[in-house]
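Work through the exercises below with the model open. Each task is followed by a stepwise solution.

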Amino acid sequence: MKLQYKVKIDAFEGPLDLLLHLINTLEIDIYDIPVAEITEQYMLYIHTMKELQLDVASEYLVMAATLLSIKSGMLLPKHEEELVEDEFGFEPEEDPRDELMRRLIEYRKYKEAAVDLRHMEEERSQVYTKPPSDLSEFAGEPVFDKESMNVSIYDMLGAFQKMMRRKKLQKPLQTRVARQEIPIEKRMDEILMELKRNPMRRKFTELFPSDQKDHLVVTFLAILELMKKNNIMIEQEENFSDIYILGRS
């Protein structure tokens with residue numbers, strides 16, 4: 001029986017965003033992309049999205065086909081007749097990665113411009129034309145900085161991949177267990193209650209007590225939905241380090 005839960009996550013901005021995330025995370029030179037490595041990582045993310053039964057947009061699959069085509073093209077031997085002649089002699093054919101590189105650089109330029117514009121908007125929002133107001137009644141209330149939640153959906157997928165490998169989900173179970181579907185809303189309430197009982201930050205993996213695949217998927221989708229609703233905070237000190245989850249007061 002398939003799970004019918006569908007969750008839309010705004011953090012998915014397209015295949016170029018995923019590729020740029022992988023390039024930054026793996027510290028790859030965007031001008032010399034190792035196609036084999038980046039394709040393997042990209043396909044791993046696509047496979048994980050399908051494991052979570054998230055709808056994979058066609059543009060992600062088109063990019064996967066493009067990467068596989070580039071990878072195959074680079075494996076083919078180069079022959080002298082494939083060289084292109086110009087007035088200066090013979091020049092090698094264009095690197096099959098060049099078009100992808102140009103698209104990534106162009107996307108990164110607009111992405112960085114969007115960040116700058118957002119910062120300018122935030123700075124402008126701090127400018128007021130009215131006299132100062134007495135805000136003493138609000139003193140002591142917790143203030144949450146949304147910018148501190150710098151963990152992306154791709155970081156969450158990566159953490160889920162690691163946990164799946166540790167639990168060895170691919171290994172056949174030795175016993176038969178009756179499947180029991182858990183509503184995602186119920187699991188969200190359970191997570192919030194657990195975080196409320198223990199106000200200290202919890203490791204991402206501590207919220208997955210069961211080894212059953214259905215329960216793991218529902219729990220992960222519940223965490224993503226809580227992130228989307230801004231009901232929890234996500235912290236990660238540096239790339240590849242543990243992810244921690246805190247409840248909001």
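Helices here are DSSP runs of H or I with at least four residues, numbered from the N terminus. The model is a predicted one.

**Exercise 1. Place Met74 and classify its exposure.**

Step 1. Met74 sits in helix α3.
Step 2. Recall the cut-offs: buried is under 20% relative accessible area, and exposed is over 50%.
Step 3. Met74 has 37% relative accessibility, so Met74 is partly exposed.
Step 4. Now list its contacts. Leaving out residues up to four places away in sequence, Met74 touches Val35, Pro96 and Arg97.
Step 5. Check the spacing to Asp95. Met74 and Asp95 are 21 residues apart in sequence, and their C-alpha atoms are 8.5 Å apart.

**Exercise 2. Describe helix α2 and what covers its buried residues.**

Step 1. Helix α2 spans residues 35-51, which makes 17 residues.
Step 2. From first C-alpha to last, α2 reaches 24 Å, close to the 24 Å expected at 1.5 Å a residue.
Step 3. Pick out the buried residues of α2: Val35, Ile38, Thr39, Tyr42, Tyr45, Ile46, Thr48 and Met49.
Step 4. Their cover includes α1 (15-25), α3 (58-75) and α5 (153-167).

**Exercise 3. Determine the strand order of the open sheet and find its edges.**

Step 1. The three strands follow the order β3-β5-β4, with antiparallel pairing.
Step 2. β3 (202-203) and β4 (232-236) each have a single partner strand, so they stand at the edges and one side of each lacks a neighbour in the sheet.
Step 3. Two bridges join β3 to β5 (residues 243-247). Lys203 has Tyr244 in β5 as its bridge partner.
Step 4. Add the helix. α6 (residues 184-197) lies across β3, β4 and β5, at about 85° to β5.

Technical notes:
Residues numbered from 1 in each chain as written. Predicted model: local features only at pLDDT ≥ 70, side-chain atom pairs only at ≥ 80, totals over all residues. Heavy atoms only, no water. Expected span 1.5 Å × (residues − 1). Buried < 20%, exposed > 50% of the residue type's maximum accessible area, 1.4 Å probe, protein only. Contact = heavy atoms within 4.5 Å. Pairing = 2+ DSSP bridges. Axes fitted to C-alpha atoms, helices over the stretch in contact; angles between N-to-C directions.
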